[in-house]
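Open the model in your viewer and keep the selection panel at hand. The stops below go from one residue outward to helices and cores, then back to a single residue.

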Amino acid sequence: TGELGRLQQKVREVSQERMLREIVDAFEVFTKDYPLVLILEDLHWSDASTLEFLAALARGREALRLLVLVSYRPEDAPESVLYSVQQELYKERRCVALPLLGLSVPAIAEYLTSRFSLTEEPAQFAQLLHHQTAGNPLFFTNVVNDLVAQQLITSQAGHWRLPQDLGPVEALLPESIRQLIQRRAA
C-alpha cells in the first residue's frame, strides 16, 4: 500500500502540473488579441491551489498580455505560500507591491464634511478618528457607522451634528477592527 500511495501522489502532482500548464496556455490564447486584467481581492484568504495558479501565470511566457492585480493584508499572510510566491516574483522582477497607506487627517475631515454635509471642517474629531484608526479606511468608516448607530453622530431636521465633547466618544472607540466586530456580534 505504501507504493500505491506514492504512485497516487505522483499522479496527482503530474496532473496538477499539467492542469496549471494548460491554464497558462489558455490564458495565452485569451490574451492573444486583447490584453486581460485579472483582479483578485483578499488574497490572504486564498488556498494554496489558487496561489499556485497565480504563480504559474506569473511564471508564464512573455506572450501573456496579462495584468494581475491583487489585494491582500500582509499582516494576515506572514510565512504563508502567498509570501513565498511574492518573494519569488520580486526576485524575478515580475511583481510590484503598492502599499496602501491610511487616510490622512485632512482626508478624514473631508470625508466627514462630505458625508454629513457639514459647513465647518471637523478638525479635532478627524484627528481623534485618525489617531484611533491609523487612517485605515475599513476601520475608520465602520467606526463612523458605529457612532451613527450609537447616536453619537446625530441628525436633527436634516442637519448632522458631530459630538462637541470628544471625551465620551474617545471612551467608546474600539481599539481595533476586530474589537469592533466582536462588539457588533455580541
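Leaving aside its neighbours within four places in sequence, which residues is leucine 129 in contact with? Select leucine 129 in this predicted model and display its contacts: Ile108, Leu112, Ala134, Phe140, Val143, Val144, Leu147 and Leu173.

**The largest nonpolar core**

Next, select Leu112, Phe125, Leu129 and Leu147. Within the largest nonpolar core, which has 20 residues, these four touch the most other members. At least two residues of this core come from each of α4, α5 (123-133), α6 and α7 (166-172). The biggest contribution is that of α6, which gives five residues. Another core, of twelve residues, lies apart from this one; to find it, select Leu20, Val24, Phe27 and Leu38, which are among its members.

**α4 against α6**

Now show helix α4 (residues 105-115) together with α6; their axes come within 12 Å and cross at roughly 40 degrees. The two helices are therefore oblique to each other. Looking along the line of sight through both, you will find a right-handed crossing. To see the contact itself, select Ile108, Tyr111, Leu112 and Arg115 on the α4 side, and Phe140, Thr141, Val144, Asn145 and Val148 on the α6 side. Coloured by class, this contact of α4 with α6 shows six nonpolar, two polar and one charged residues.

**α6 against α8**

Keep α6 and swap α4 for helix α8 (residues 177-185). The axes of α6 and α8 come within 10 Å, and the crossing angle is roughly 35 degrees. What is the handedness of the crossing of α6 and α8, left-handed or right-handed? It is left-handed. From α6, select Leu138, Phe139, Asn142, Val143, Asn145 and Asp146; from α8, add Ile177, Leu180, Arg183 and Arg184. By class, the residues of this contact of α6 with α8 are five nonpolar, two polar and three charged.

**Aspartate 146**

The last stop is one residue from that contact. Select aspartate 146, which lies in helix α6 (residues 137-149). Is aspartate 146 buried or exposed? Its relative accessibility is 10%, so aspartate 146 counts as buried, the cut-off being under 20%. Not counting residues up to four places away in sequence, aspartate 146 touches Leu180, Arg183 and Arg184. These three residues belong to the α8 side of the contact with α6.

Methods
Residues numbered from 1 in each chain as written. Predicted model: local features only at pLDDT ≥ 70, side-chain atom pairs only at ≥ 80, totals over all residues. Heavy atoms only, no water. Helix = DSSP H or I, 4+ residues; strand = E, 2+ residues; numbered from the N terminus. Buried < 20%, exposed > 50% of the residue type's maximum accessible area, 1.4 Å probe, protein only. Contact = heavy atoms within 4.5 Å. Axes fitted to C-alpha atoms, helices over the stretch in contact; angles between N-to-C directions. Parallel < 35°, antiparallel > 145°, perpendicular 65-115°, else oblique. Left-handed = near helix turned anticlockwise from the far one by under 90°. Nonpolar A, V, L, I, M, F, W, Y, C, P; charged D, E, K, R; others polar. Core = buried A, V, L, I, M, F, W, Y, C linked by side-chain atoms within 4.5 Å.
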